[in-house]
Amino acid sequence: MNAANCALANGLVSAAYVQQGQQALTARCNLVKSLLSQRKLPVDGWDDATIEMLLQDAASMDSNNFMNNIGVGEREARVASDLVARRHYRLAHGMGRSGDVAAEQPKAAGSSMLVKLTNILTQHALQLAGMLDVKAITVLPVATGMAITLTLLALKAARPQTAKYVLWPRIDQKTCLKAIASAGLQPVVIENLLVGDQLTTDLEAVKTQVEKLGAETIVCVLTTSSCFAPRGADKIVDVAKLCSSVGVGHVINNAYGVQSAALCKLITSAWRKGRVDAVVQSSDKNFMVPVGGAVIAAGPRTPSLIEAINRTYPGRASMSPLLDLLITLLHWGQNGWQKVLQERENLYIYTREQLELVAAELHERVLQTPDNPVSLGFTLGNLNLTADRAGQTDAQTKHVSFLGSMLFKRCVSGTRVVARGTKQNVAGIDFTGFGAHCDAYPCNYLTVAAALGTSEADVLSFLSKLKQCFLALQEQQ
């Protein structure tokens, strides 16, 4: 209902009532006007009706929703099920074109507009989270691993033809290695240093490999900022300086690091002081949306890499993950986004305090990992006290791991129980102690994440069940 139609409605309904209704319509339209003109997150989050109005208007701008459209091509955004069409707000053209996943679609002006808006608002959200100097981003409908692969492929194309290695400070998460292998590159594992409880980057080992292999044979160093305890964030500032000095690429796997102000600050420092080509992060872990999207960001030195990544993506793509992210960001607005970020920071402190109380009660302890602001480790040294102290037995390993099964059966998800000596082959590489980020971590432990969306009630319920399961296992010894 525009102003002219509202005026015509005066003959059907009292003019005073129509005027009031028109004011309500105008208020929503003004929110959209401000969004399109200011191109940043609204200060306050929108209600669902306003978000749906924007999506429906955008969908009406796509050719498949034109009233008199005649589509005779092989791809005309035809959708057989009305349930599917409504699930996607009738935005069926997806995003991009065959040569560039970020390109505008002539048939889909509305969808193209929403894709651009998603990228703009996500960049603003990163800034609000503390990741400054972001010069270019792309939100892709792939999860973190595939986003890393696309980043490596784009970076590889800009490196000498002899470049085939990726230096990889060890992080025991299969996706990272598979991402390197999928890009047709060879990982060079850099083992971590154990400092107290925490595993950290062996910077000298990175330097040694650069000298040994030659900078011209290395595509990049793939560091990690967010990870499972007891590993801390890599020394990404030092690595960035090293990469800048030797002319080697640097990609940061920041999977769930956007939710941490400390990690965002670290990334900002890294690309201000050295070389960081791209930072890859998950949309579901950082923005509470369904799995399926990733955000790739570039700093002030390499914004053109984002364009290369978009051109590397083969063909068009689904825009569903971007739509989820756009809706969520509009739902939060600046105030809502900053509120959930602060709540998560507070939750980390609360979780650590409560975990330490339980640890004292069970004669265990919380691992000291000061460079990991999300994940916490909890020792399991008092399980299997009768096991052979000269080394782990198979029975002990199984017994410790059973704690994770007990928790899962009691509806506790997300914890990781790590037993010493676990062997695993990933992407053709054999690992010992897999899960602990090193061959021989001193103890068995479990991890818990103080992640975005977790509540204090969740923490207390988890700790209650942890105590029950821990004591039950002790009774069986």
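Biologist: Is E104 buried or exposed?

Modeller: This is a predicted model, so read the label as a computed one. Exposed means over 50% relative accessible area. E104 has 56% relative accessibility, so E104 counts as exposed.

Biologist: Which residue forms a salt bridge with E104?

Modeller: Start with the principle. Side chains of opposite charge can pair when their charged atoms come close. Here E104 pairs with K116, and their closest N and O atoms are 3.6 Å apart. The two sit in distant parts of the chain, 12 residues apart. E104 is in the loop between helix 4 (82-87) and helix 5, while K116 is in helix 5. K116 is partly exposed, at 39% relative accessible area.

Biologist: How many salt bridges does a search of the whole structure find?

Modeller: The search finds 18. One of them is between R275 and D277, at 2.9 Å from N to O. Check the cover on each partner. R275 is partly exposed, with a relative accessible area of 21%. D277 has 3% relative accessibility and counts as buried.

Biologist: What separates R352 and E356 in helix 13?

Modeller: About one helical turn, because they are 4 residues apart in helix 13 (residues 320-361). Their side chains meet in a salt bridge, 3.4 Å from N to O. R352 is buried at 15% relative accessible area, and E356 is partly exposed at 36%. Salt bridges can also share partners: R170, D172, E191 and D439 are joined this way into one network.

Biologist: Now the sheet. In what order do the 7 strands of the open sheet stand?

Modeller: Read the order across the sheet, not along the chain. Here the order is 1-9-8-7-6-2-3, with mixed pairing. Strand 1 (136-140) and strand 3 (186-190) stand at the edges. Each has a single partner strand, so one side of each lacks a neighbour in the sheet. From one strand to the next, the twist averages 20 degrees.

Biologist: How many bridges join strand 7 to strand 8?

Modeller: Look at the bridges and the direction together. Strand 7 (residues 249-253) and strand 8 (residues 278-282) run parallel and are joined by 3 bridges. For a single pair, take N253: its bridge partner in strand 8 is V280.

Biologist: Which strands does helix 12 touch?

Modeller: Helix 12 (residues 304-312) packs on the sheet and touches strand 1, strand 8 and strand 9. Its direction makes about 25 degrees with that of strand 1. Helix 5 (residues 109-129) lies across strand 1 and strand 9 (294-298). Helix 5 runs at about 115 degrees to strand 1.

Biologist: How many residues of strand 10 are buried?

Modeller: Count first, then split by face. In strand 10 (residues 375-379), 5 of the 5 residues are buried. S375, G377 and T379 lie on one side, with L376 and F378 on the other, and both faces are covered. Strand 10 runs antiparallel to strand 14 (residues 445-449), with 5 bridges joining them. Among the pairs, S375 has A449 as its bridge partner in strand 14.

Biologist: Last one. Which residues make the nonpolar surface patch of about 370 Å²?

Modeller: L12, V13 and Y17 make that patch. Y17 is found in helix 2 (residues 15-38). Y17 counts as exposed, at 56% relative accessibility.

Technical notes. Residues numbered from 1 in each chain as written. Predicted model: local features only at pLDDT ≥ 70, side-chain atom pairs only at ≥ 80, totals over all residues. Heavy atoms only, no water. Pairing = 2+ DSSP bridges. Axes fitted to C-alpha atoms, helices over the stretch in contact; angles between N-to-C directions. Contact = heavy atoms within 4.5 Å. Patch = residues over 30% accessible without salt bridge, like charges linked within 9 Å, V, L, I, M, F, W, Y side chains within 5 Å. Areas by Shrake-Rupley, 256 points an atom, 1.4 Å probe, with all protein chains shown as cover. Salt bridge = Lys/Arg side-chain N within 4 Å of Asp/Glu carboxyl O. Buried < 20%, exposed > 50% of the residue type's maximum accessible area, 1.4 Å probe, protein only.
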